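Me: I am in my first year and would like to learn how to read a protein model. May I put some questions to you about the one shown here?

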Amino acid sequence: MHYDIIVIGSGPAGLSAALTARARNKTVLVVGNRWQDSPLARAERVDNYLGLPQQSGADLLETFHAHAKEAGVALLEGRALSALPWNGFQVSVGSQVLSAGALILAPGVVRQKKFPGEAEYLGRGVSYCATCDGMLYRGKPVAVVGRSPDAPEEANFLKNLGCQVTYLAPKRPEALEADIPFVQTGTVSIQGQLTVTGLTANGESIPCAGVFILRPAVAPTDLLPTLATANGAIQVDRSMATNLPGVFAAGDCTGAPYQIAKAAGEGQVAALSACAYLDDPAHQTT
């Protein structure tokens with residue numbers, strides 16, 4: 001399906017951007033995790049958002065999401081895995097591929113230090129999506145490195161698909177099926193030859209044909225490798241434009257201060273800039 005704008009990130013910046021774009025009569029899809037899993041949802045009290053004092057983070061997010069839905073913003077729970085600049089942008093979310101004329105990046109701060117071997121074997125045994133690639137490993141041993149709330153569900157899916165699953169995480173999740181072996185660990189190292197042959201955790205080797213690394217979000221520079229960053233933040237100008245045509249960014253991903261008001265304001269500016277970009281005949285796609 002095609003949208004005028006796809007927003008990656010469902011926090012205050014992303015929802016503010018989506019709301020502003022809808023006010024300019026653009027079709028908008030917001031891709032992100034459940035708001036209940038956001039770090040902001042765990043804030044007991046927020047006192048510095050103008051006009052809404054003494055709110056919990058969960059109350060604010062629930063209000064933001066309800067407002068966006070009321071305005072006709074489409075919301076999709078999931079992880080954006082790649083964004084290909086072709087005829088606008090082709091964005092893969094799980095096994096779906098969606099298109100848009102412009103992108104707004106608002107994923108918050110994605111702290112994502114890669115595991116040893118992860119980059120080297122990406123696409124050669126390392127995957128970020130069980131529903132996309134699980135069939136390739138039917139009947140084979142796989143490891144799931146769970147770092148996201150939905151990782152246990154994806155591990156259960158792989159097991160029911162016929163994969164021999166080992167789950168690795170700092171703590172065994174309650175939703176993981178009881179007969180899936182669990183290894184308590186904070187880090188792993190991936191080994192292979194032409195493709196993945198196993199991984200090491202706690203000094204022990206675990207043979208496997210595939211490794212599914214499931215984090216809450218994919219770093220923007222993994223979505224768009226030529227995206228310019230500095231000190232871990234996406235570089236933007238005053239219009240929230242990045243170095244890539246048609247790509248804008250807002251919120252914590254652009255750097256400090258990490259405040260809701262700043263995120264919402266940047267989201268609005270990013271959306272206005274994205275709308276202006278789309279309305280320029282030189283940038284219109286078929």
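Me: In what order do the five strands of the open sheet lie?
Reply: This is a predicted model. Strands of a sheet pair through backbone hydrogen bonds, either parallel or antiparallel. In this open sheet of five strands the pairing is parallel. The edge strands, each pairing on one side only, are strand 7 (126-127) and strand 10 (182-184), and the order is 7-14-8-9-10.

Me: Which residue of strand 14 does Ser127 stand opposite?
Reply: Strand 7 and strand 14 pair in the parallel sense, over two bridges. Within this pairing, the residue of strand 14 that stands opposite Ser127 is Phe212.

Me: At about what angle does helix 4 run to strand 9?
Reply: The buried residues of helix 4 (residues 151-161) include Ala151, Leu158 and Leu161. The buried residues of this helix pack against helix 3 (130-133), strand 8 (141-146), strand 9 (164-169) and strand 14 (210-214). Helix 4 lies across strand 8, strand 9 and strand 14, and its angle to strand 9 is about 165°.

Me: Which residue just after helix 4 takes a positive phi?
Reply: The place to look is just after helix 4, where one residue has a positive phi of about 115°. That residue is Gly162.

Me: Does Glu154 count as buried or exposed?
Reply: Glu154 is found in helix 4. A residue is buried when its relative accessible area is under 20%. Glu154 has a relative accessibility of 10%, so the residue counts as buried.

Me: With which side chain does the side chain of Glu154 make a polar contact?
Reply: Not counting residues up to four places away in sequence, Glu154 touches Arg79, Cys129, Ala130, Thr131 and Leu214. The polar contact of its side chain, at 2.7 Å, is with the side chain of Arg79.

Me: What span should the 12 residues of helix 1 have, and how far apart are its end C-alpha atoms?
Reply: The expected span is 1.5 Å times one less than the number of residues. For helix 1 (residues 12-23) this gives 16 Å, which agrees with the distance between its end C-alpha atoms, 16 Å.

Me: How many of the 12 residues of helix 1 are buried?
Reply: Among the buried residues of helix 1 are Pro12, Gly14, Leu15 and Thr20. What covers them includes strand 1 (2-8), helix 2 (57-70) and helix 6 (260-279). Helix 1 is mostly covered, and its buried residues number nine.

Me: Which residue is joined to Thr185 by a side-chain polar contact of 3.3 Å?
Reply: Thr185 is found in the loop between strand 10 and strand 11 (189-192). At 6% relative accessibility, Thr185 counts as buried. A polar atom of its side chain lies 2.8 Å from the backbone oxygen of Thr187, whereas the contact of 3.3 Å between side chains is with Asn202.

Me: Which residues of strand 5 are buried on the side opposite Phe89, Val91 and Val93?
Reply: In a regular strand the side chains alternate between the two faces of the sheet. Five of the five residues of strand 5 (residues 89-93) are buried. Both faces are covered, with Phe89, Val91 and Val93 on one side; on the other side are Gln90 and Ser92.

Me: Which residue of strand 6 stands opposite Ser92?
Reply: Four bridges join strand 4 (residues 80-84) to strand 5, and these strands run antiparallel. In strand 4, Ser82 stands opposite Ser92. Strand 5 also pairs with strand 6 in the antiparallel sense, over five bridges. The residue of strand 6 opposite Ser92 is Val97.

Me: Which residue in the hairpin of strand 5 and strand 6 takes a positive phi?
Reply: The hairpin of strand 4 and strand 5 has four residues between its strands, and Asn87 in that turn has a positive phi of about 50°. The hairpin of strand 5 and strand 6 has two residues between its strands, and the residue with a positive phi near 60° is Gly94.

Me: Which strand gives the largest share of the largest nonpolar core?
Reply: This core has 42 residues, of which Ile6, Leu199, Val211 and Leu224 touch the most other members. The largest share, four residues, comes from strand 6.

Me: How many residues does the second, separate core have?
Reply: Phe64, Ala270, Ala271 and Cys275 are included in this core. Its number of residues is 35.

How values were computed:
Residues are numbered from 1 along each chain as its sequence is written. This is a predicted model: local features need pLDDT of at least 70, side-chain atom pairs count only at pLDDT 80 or more; totals for chains, interfaces and linings use all residues. Side-chain values use heavy atoms; hydrogens and water are left out. Buried means under 20% relative accessible area, exposed over 50%, partly exposed in between (1.4 Å probe, protein chains only). Contact means heavy atoms within 4.5 Å. A polar contact is a pair of N or O atoms within 3.5 Å; within protein, one must be able to donate a hydrogen and the other to accept it, and residues adjacent in sequence count only if both atoms are side-chain atoms. Two strands pair if DSSP finds at least two bridges between them. Axes are lines fitted to C-alpha atoms, for helices over the stretch in contact, and angles run from 0 to 180 degrees between N-to-C directions. A nonpolar core is a set of buried Ala, Val, Leu, Ile, Met, Phe, Trp, Tyr and Cys residues joined through side-chain atoms within 4.5 Å.
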